[in-house]
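Q: I would like a close look at one part of this structure, namely its pockets and what lines them.

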Amino acid sequence: MAGLEGKTAIVTGASSGIGAATASALAREGARVAGGARRVDQLQTEIRLELDVTDQTSCERFVDAVTTADASGGLDILVNNAGLGLGRDPFWESTEQDEETVLETDVHGLIRMTRLCLPHIRDGGHIVNLGSIAGRQAYENAAVYVASKFAVRGFTYALREDLLGRPIRLTTVDPGLVESNFSRVRFRGDEEKAKGPYEGVDPLRPEDIAECILFALTRPLHVNIDELVVKALAQSSPVRIARN
Ligand code: NAP
């Protein structure tokens with residue numbers, strides 16, 4: 001198994017959930033992890049920097065700071081994890097502002113970070129994009145989030161074509177229901193509603209996804225895990241969940 005000693009990794013959205021668990025798993029395996037998020041006080045990574053993926057200047061500053069801090073100015077791993085959904089309402093309840101926030105964060109933020117990091121990624125490097133099962137099967141009252149994750153998958157497939165022949169690996173990890181801060185953000189801080197998706201079911205934990213990401217990262221260089229779709233045992237689709 002290829003280890004992560006001596007590797008420099010960026011994890012976006014490392015302040016909670018899957019990003020925090022991934023940052024911690026990468027550090028455990030020896031990587032030097034730079035975590036970025038808007039809530040810098042929540043970051044526990046070796047390098048902790050403010051990052052708003054919707055803001056070009058913030059992204060440029062972040063990538064500059066991380067790559068300058070690396071002795072050879074390079075980067076080995078980019079985990080594009082920052083993301084969110086807003087609301088569970090029919091599309092006609094959607095607003096311009098929510099659409100912009102979700103698409104800017106989940107799609108443009110991921111594309112922007114990829115573009116800024118790519119020139120720094122050393123041979124043997126790896127990009128991991130966090131998609132979702134929402135990017136594989138639509139479900140009701142989530143049109144913009146679903147669109148954002150279909151876009152992540154489309155971008156990942158297209159980037160794989162562009163990277164073909166270069167020694168940079170690319171993986172999309174598409175989780176189902178994971179218990180994190182995601183639901184709290186989606187329901188805008190309404191704790192009761194936020195608990196709903198996890199009621200009567202044993203969901204995935206952020207650590208489960210972090211271990212899958214680690215698996216992809218630690219395969220031999222000639223192996224590219226293109227896609228990982230990971231669901232709780234009790235979930236077969238975005239809406240079919242066997243609840244107690
Ligand atoms: P989470 O606990 O809410 O974490 C989301 C992370 O994204 C936070 O660290 C947040 O940090 C960061 N973030 C949000 N907007 C950002 C911005 N503009 N700039 C930088 N960072 C930003 O949710 P999670 O479940 O771990 O979600 C992580 C990823 O997994 C997302 O892409 C999500 O779509 C995907 N996913 C989640 C689930 C699930 O069921 N939870 C399922 C499938 C896919 P700050 O707020 O501090 O900036």
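What volume does the second largest pocket have, and which residues and elements line the pockets?

A: In this predicted model, the second largest pocket has a volume of about 210 Å³. Its lining is made up of 18 residues, and those closest to the centre are L86, G87, D89, S94 and V144. Two helices, α3 and α4, each contribute at least two residues to the lining of this second largest pocket, and by residue type that lining comprises eight nonpolar, four polar and six charged residues.

The largest pocket, by comparison, encloses about 1,100 Å³ of space, and its lining counts 48 residues, with G83, L84, Y145, S180 and F182 lying nearest the centre. At least two lining residues of the largest pocket come from each of α1 (17-28), β2 (32-37), α3 (96-117), α4 (143-163) and α5 (182-186), and α5 provides the largest share, with four residues. In character, the lining of the largest pocket divides into 22 nonpolar, 18 polar and eight charged residues.

Helix α3, which supplies residues to the linings of the largest pocket and the second largest pocket, also packs against another helix: its axis and that of α2 (residues 56-69) come within 10 Å and cross at roughly 35°, in a right-handed crossing. On the α2 side the contact is made by Q56, C59, E60, F62 and V63, and on the α3 side by R112, M113, L116 and C117; these contact residues divide into six nonpolar, one polar and two charged.

Methods. Residues are numbered from 1 along each chain as its sequence is written. This is a predicted model: local features need pLDDT of at least 70, side-chain atom pairs count only at pLDDT 80 or more; totals for chains, interfaces and linings use all residues. Side-chain values use heavy atoms; hydrogens and water are left out. On a 1 Å grid over the protein atoms alone, a cavity is a set of points where a 1.4 Å probe fits but cannot get out, and a pocket is an open set with protein on both sides within 12 Å along at least five of seven lines; lining residues have an atom within 4 Å of a point. Grid points are joined across faces, edges and corners, and a volume is the space filled by probe spheres set on the points. Ala, Val, Leu, Ile, Met, Phe, Trp, Tyr, Cys and Pro count as nonpolar, Asp, Glu, Lys and Arg as charged, and the others, Gly among them, as polar. Axes are lines fitted to C-alpha atoms, for helices over the stretch in contact, and angles run from 0 to 180 degrees between N-to-C directions. A crossing is left-handed if the near helix is turned anticlockwise from the far one by less than a right angle, and right-handed if clockwise. Contact means heavy atoms within 4.5 Å.
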